[in-house]
Amino acid sequence: MSIEAYSLLKNGNLKLSEHFKVREFYCRDGSDPIFVDTELVEILEKIRTHFNKPVSITSAFRTASWNAKQKNAAKYSQHLYGKAADIQVQGISVEQVYAYADKLLAGRGGVGIYPPGLGRANGWVHVDVRKEKSRWRG
Ligand SMILES: [Zn+2]
């Protein structure tokens, strides 16, 4: 695994894997560059393949200033390092996505369901490739 830097302007359409492009990982404040961990892309591609449904990334790389503006964001969020993505898989419940990501990452990485509590119909799953294991289901 390694953390790669890309330019939204110059490499936005570059494919990182069969189903994911650089621009899907951009910080939603629109800034350049974008940092992406190669292992994160591999995990997302496996989720895409397993469910055979489109995966939408709602948030991936975040600058410190953008991260500070997000609700529920940890100060040292894995999003700051390009190691995390918040995803929704078309037609698949967050519980199913959580269960598969948990299995994929086995004894490491972070997997969590948002938002905490009820109202998960429009929720999402956070996946990250940190070394230690962290799980939360709200
Ligand atoms: Zn997240």
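The following dialogue examines the zinc site and several salt bridges of a predicted model.

Trainee: What makes His 79, Asp 86 and His 126 donors of the zinc ion?

Mentor: A donor is an N, O or S atom within 2.8 Å of the metal. The atoms here are NE2 of His 79, OD of Asp 86 and ND1 of His 126, and they lie 2.0 to 2.1 Å from the zinc ion. These distances satisfy the cut-off, so the three residues are called donors.

Trainee: Which spacing do the donors follow along the chain?

Mentor: The spacing is H-x6-D-x39-H. Asp 86 belongs to strand E4 (residues 84-89) and His 126 to strand E6 (residues 124-128); this pair, 40 residues apart, links distant parts of the chain. His 79 is located in the loop between H3 and E4.

Trainee: Why is His 79 called buried?

Mentor: Buried means under 20% relative accessible area. His 79 has 2% relative accessibility, and therefore counts as buried. Asp 86 and His 126 are buried as well.

Trainee: Which residues are in contact with His 79, leaving aside its neighbours within four places in sequence?

Mentor: Among them are Ser 59, Phe 61 and Arg 62, together with Asp 86 and His 126.

Trainee: How do you know that Lys 83 forms a salt bridge with Asp 37?

Mentor: The rule asks for a side-chain nitrogen of Lys or Arg within 4 Å of a carboxyl oxygen of Asp or Glu. For Lys 83 and Asp 37 the closest N and O atoms are 3.0 Å apart, so the pair qualifies. Lys 83 lies in the loop between helix H3 (64-68) and E4, and Asp 37 in strand E2 (residues 34-37), so the salt bridge ties together parts that are 46 residues apart in sequence. Both Lys 83 and Asp 37 are buried.

Trainee: Why are Arg 135 and Asp 102 described as partly exposed?

Mentor: The term covers values between the 20% limit for buried and the 50% limit for exposed. Arg 135 has a relative accessible area of 22% and Asp 102 a relative accessibility of 26%, so both fall in that interval. Their side chains meet in a salt bridge at 2.6 Å, N to O. Arg 135 is in strand E7 (residues 133-136) and Asp 102 in helix H4 (residues 94-105), 33 residues apart.

Trainee: What makes Arg 130 buried?

Mentor: Its relative accessible area is 17%, and the limit is under 20%; therefore Arg 130 is buried. Its salt-bridge partner Asp 128, with closest N and O atoms 2.8 Å apart, is buried at 0%.

Trainee: How many salt bridges does the rule give?

Mentor: The count comes to five.

Notes
Residues numbered from 1 in each chain as written. Predicted model: local features only at pLDDT ≥ 70, side-chain atom pairs only at ≥ 80, totals over all residues. Heavy atoms only, no water. Donors = N, O, S within 2.8 Å, 3.2 Å for Na, K, Ca; no water. Helix = DSSP H or I, 4+ residues; strand = E, 2+ residues; numbered from the N terminus. Buried < 20%, exposed > 50% of the residue type's maximum accessible area, 1.4 Å probe, protein only. Contact = heavy atoms within 4.5 Å.
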